Amino acid sequence: MPDFTITFICHSDLPLTKLTIAHTIKSLCSYTQLTYDLILIVDNCPFSERTAFIDIYDKFGFSEIRFRSRNHNVSSGDPSNNGHYYAFTTNTPYQITIESDVVVTRKPGDTTDILQQIKDFFVQFPTVSVAYKINDFHCWAEKLKFYEDFSAGIKN
(Lines give C-alpha, C1' and ligand atoms only; values in the text may rest on other atoms or scores of the structure.)
Protein backbone atom coordinates (compact mmCIF):
# COMPACT_ATOMS: atom_id res chain seq x y z
CA MET A 1 0.00 0.00 0.00
CA PRO A 2 1.36 3.47 -0.88
CA ASP A 3 2.05 5.97 1.90
CA PHE A 4 0.16 8.83 0.23
CA THR A 5 -2.68 9.50 -2.14
CA ILE A 6 -2.12 12.81 -3.90
CA THR A 7 -5.34 13.97 -5.52
CA PHE A 8 -5.65 16.83 -7.98
CA ILE A 9 -9.11 18.27 -8.55
CA CYS A 10 -9.75 20.26 -11.69
CA HIS A 11 -12.60 21.37 -13.90
CA SER A 12 -12.41 22.43 -17.54
CA ASP A 13 -9.33 24.57 -17.00
CA LEU A 14 -6.85 22.57 -19.03
CA PRO A 15 -4.10 25.19 -19.67
CA LEU A 16 -3.89 26.13 -16.00
CA THR A 17 -4.11 22.50 -14.90
CA LYS A 18 -1.16 21.50 -17.09
CA LEU A 19 1.03 24.17 -15.49
CA THR A 20 0.10 23.69 -11.87
CA ILE A 21 0.03 19.90 -11.81
CA ALA A 22 3.45 19.54 -13.39
CA HIS A 23 5.02 21.99 -10.95
CA THR A 24 3.22 20.58 -7.90
CA ILE A 25 4.11 16.95 -8.62
CA LYS A 26 7.75 17.96 -9.00
CA SER A 27 7.68 20.02 -5.79
CA LEU A 28 6.02 17.34 -3.67
CA CYS A 29 7.57 14.18 -5.05
CA SER A 30 11.05 14.93 -6.41
CA TYR A 31 13.00 14.14 -3.25
CA THR A 32 10.79 11.61 -1.49
CA GLN A 33 11.53 8.03 -0.58
CA LEU A 34 7.86 7.42 0.26
CA THR A 35 5.40 5.83 -2.14
CA TYR A 36 2.35 7.57 -3.54
CA ASP A 37 -0.59 7.25 -5.90
CA LEU A 38 -1.52 10.20 -8.10
CA ILE A 39 -5.23 10.64 -8.79
CA LEU A 40 -6.75 13.19 -11.14
CA ILE A 41 -10.40 14.10 -10.55
CA VAL A 42 -11.95 16.12 -13.38
CA ASP A 43 -15.23 17.57 -12.15
CA ASN A 44 -18.00 18.71 -14.49
CA CYS A 45 -15.92 18.46 -17.64
CA PRO A 46 -17.80 18.29 -20.95
CA PHE A 47 -17.38 14.99 -22.78
CA SER A 48 -15.74 16.77 -25.73
CA GLU A 49 -12.81 17.94 -23.52
CA ARG A 50 -12.02 14.66 -21.76
CA THR A 51 -9.42 13.37 -24.22
CA ALA A 52 -7.08 16.24 -23.38
CA PHE A 53 -7.21 15.27 -19.70
CA ILE A 54 -6.36 11.67 -20.59
CA ASP A 55 -3.18 13.04 -22.20
CA ILE A 56 -2.27 14.70 -18.85
CA TYR A 57 -2.93 11.39 -17.12
CA ASP A 58 -0.39 9.64 -19.35
CA LYS A 59 2.17 12.47 -19.35
CA PHE A 60 2.41 12.92 -15.58
CA GLY A 61 2.11 9.28 -14.50
CA PHE A 62 -1.24 9.32 -12.76
CA SER A 63 -2.46 6.09 -11.19
CA GLU A 64 -6.11 6.91 -11.80
CA ILE A 65 -8.36 9.46 -13.48
CA ARG A 66 -11.98 10.12 -12.54
CA PHE A 67 -14.49 12.12 -14.53
CA ARG A 68 -17.12 13.34 -12.08
CA SER A 69 -20.48 14.58 -13.34
CA ARG A 70 -22.78 16.99 -11.56
CA ASN A 71 -25.84 15.21 -13.00
CA HIS A 72 -26.54 13.19 -9.83
CA ASN A 73 -25.30 13.04 -6.26
CA VAL A 74 -23.76 16.50 -6.21
CA SER A 75 -22.25 17.67 -2.94
CA SER A 76 -24.11 20.40 -1.11
CA GLY A 77 -22.94 24.01 -1.00
CA ASP A 78 -20.72 25.46 -3.69
CA PRO A 79 -20.85 23.18 -6.78
CA SER A 80 -17.05 23.28 -7.03
CA ASN A 81 -16.97 21.27 -3.77
CA ASN A 82 -18.21 18.25 -5.73
CA GLY A 83 -14.70 17.04 -6.58
CA HIS A 84 -13.61 17.30 -2.94
CA TYR A 85 -16.57 15.41 -1.57
CA TYR A 86 -15.75 12.36 -3.66
CA ALA A 87 -11.96 12.55 -3.26
CA PHE A 88 -11.61 10.96 0.16
CA THR A 89 -9.85 7.62 0.33
CA THR A 90 -9.09 5.01 2.95
CA ASN A 91 -6.55 3.26 0.71
CA THR A 92 -3.54 5.10 2.12
CA PRO A 93 -2.74 6.51 5.56
CA TYR A 94 -2.11 10.04 4.19
CA GLN A 95 -3.92 12.09 1.57
CA ILE A 96 -3.10 15.41 -0.05
CA THR A 97 -5.80 17.12 -2.09
CA ILE A 98 -4.95 20.09 -4.29
CA GLU A 99 -7.12 22.12 -6.63
CA SER A 100 -5.85 22.94 -10.11
CA ASP A 101 -5.61 26.67 -9.37
CA VAL A 102 -3.19 26.01 -6.48
CA VAL A 103 0.50 25.29 -6.88
CA VAL A 104 3.08 23.93 -4.44
CA THR A 105 6.48 25.59 -4.77
CA ARG A 106 9.94 25.11 -3.30
CA LYS A 107 12.75 27.49 -2.68
CA PRO A 108 15.55 26.99 -5.23
CA GLY A 109 17.95 24.28 -4.11
CA ASP A 110 15.57 22.89 -1.45
CA THR A 111 15.79 19.08 -1.40
CA THR A 112 13.56 18.51 1.63
CA ASP A 113 11.36 15.42 1.51
CA ILE A 114 8.02 17.22 1.84
CA LEU A 115 5.98 14.02 2.01
CA GLN A 116 8.17 12.75 4.84
CA GLN A 117 7.72 16.05 6.69
CA ILE A 118 3.94 15.75 6.39
CA LYS A 119 4.02 12.16 7.62
CA ASP A 120 6.31 13.13 10.52
CA PHE A 121 3.87 15.87 11.57
CA PHE A 122 0.98 13.42 11.86
CA VAL A 123 3.15 10.89 13.69
CA GLN A 124 4.25 13.61 16.14
CA PHE A 125 0.66 14.85 16.66
CA PRO A 126 -1.49 11.68 16.44
CA THR A 127 -4.69 13.44 17.57
CA VAL A 128 -4.60 15.71 14.50
CA SER A 129 -6.60 14.24 11.64
CA VAL A 130 -6.60 17.11 9.10
CA ALA A 131 -4.05 19.78 8.29
CA TYR A 132 -3.98 22.42 5.59
CA LYS A 133 -1.82 25.25 4.36
CA ILE A 134 -3.31 28.60 3.42
CA ASN A 135 -1.17 31.63 2.64
CA ASP A 136 -3.89 34.16 1.77
CA PHE A 137 -5.93 34.12 5.00
CA HIS A 138 -4.90 37.71 5.88
CA CYS A 139 -7.28 39.08 3.23
CA TRP A 140 -10.33 37.02 4.27
CA ALA A 141 -13.48 38.85 5.38
CA GLU A 142 -13.88 36.41 8.28
CA LYS A 143 -10.54 36.19 10.07
CA LEU A 144 -9.10 32.86 11.18
CA LYS A 145 -8.78 32.35 14.90
CA PHE A 146 -5.51 30.81 16.02
CA TYR A 147 -4.94 28.72 19.14
CA GLU A 148 -1.71 27.59 20.73
CA ASP A 149 0.78 26.66 17.99
CA PHE A 150 1.73 23.01 17.53
CA SER A 151 5.35 23.98 17.17
CA ALA A 152 7.43 26.81 15.72
CA GLY A 153 5.90 27.92 12.45
CA ILE A 154 2.94 25.51 12.65
CA LYS A 155 -0.24 27.31 13.68
CA ASN A 156 -3.32 25.75 15.23
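Which pattern does the chain follow when read along the sequence? In this predicted model, the answer is β-α-β-α-β-α-β-α, built from 4 helices and 4 strands. Of the 156 residues in the chain, 32% are buried. Among contacts with a separation of 6 or more, 69% join residues 24 or more positions apart. As for the surface, the chain exposes about 10,200 Å², and 53% of that comes from carbon and sulfur atoms.

The largest nonpolar core is a good place to start on the inside. It holds 27 residues, and the members that touch the most others are Ile6, Phe8, Leu40, Phe53 and Phe62. Six elements, namely β1 (4-10), α1 (14-29), β2 (36-43), α2 (50-60), β4 and α4, each put in at least two residues. Helix α1 has the largest share of this core, with 5 residues. Ile6, one of the residues with the most core partners, shows what such a position looks like up close. Leaving out residues up to four places away in sequence, Ile6 touches Leu28 and Cys29, then the run Tyr36, Asp37, Leu38 and Ile39, and finally Ile96 and Leu115.

Further along, Ile9 is found in strand β1. Ile9 counts as buried because its relative accessibility is 1%, which falls under the 20% cut-off. Its C-alpha atom lies 8.6 Å from that of Ile39, although 30 residues separate the two along the chain. Ile39 also turns up among the contacts of Ile6.

Helix α1 offers a neat contrast in exposure. Thr24 and Leu19 are both placed in this helix, yet Thr24 is buried at a relative accessible area of 0%, whereas Leu19 is exposed at 62%. Which residues does Thr24 touch, not counting those up to four places away in sequence? The list is Phe8, Ile98, Val102, Val103 and Val104. Phe8 from that list is also one of the core residues that touch the most other members. Val103 comes up again for Leu19: the C-alpha atoms of Leu19 and Val103 are 8.7 Å apart, with the two positions 84 residues apart along the chain.

Arg106 sits in the loop between β4 and α4. With neighbours within four places in sequence set aside, Arg106 is in contact with Lys26, Ser27 and Tyr31, and also with Thr111, Thr112 and Ile114. The C-alpha atoms of Arg106 and Leu28 are separated by 8.7 Å, at 78 residues apart along the chain. Leu28, in turn, is one of the residues that Ile6 touches.

That leaves the open space. The largest pocket encloses about 2,400 Å³. It is lined by 46 residues, and those closest to its centre are Ile118, Ala131, Tyr132, Lys133 and Ile134. Two elements, β4 (94-99) and α4 (114-124), give two or more residues to the lining. Strand β4 gives the most, with 6 residues. Both β4 and α4 are also on the list of elements that supply at least two residues of the nonpolar core. What is the make-up of the lining in terms of nonpolar, polar and charged residues? The split is 25 nonpolar, 12 polar and 9 charged.

Key
Residues numbered from 1 in each chain as written. Predicted model: local features only at pLDDT ≥ 70, side-chain atom pairs only at ≥ 80, totals over all residues. Heavy atoms only, no water. 1 Å grid on protein atoms, 1.4 Å probe; cavity = no way out; pocket = protein on both sides within 12 Å on 5 of 7 lines; lining within 4 Å. Points joined across faces, edges and corners; volume = space filled by probe spheres on them. Nonpolar A, V, L, I, M, F, W, Y, C, P; charged D, E, K, R; others polar. Core = buried A, V, L, I, M, F, W, Y, C linked by side-chain atoms within 4.5 Å. Buried < 20%, exposed > 50% of the residue type's maximum accessible area, 1.4 Å probe, protein only. Contact = heavy atoms within 4.5 Å. Areas by Shrake-Rupley, 256 points an atom, 1.4 Å probe, with all protein chains shown as cover.
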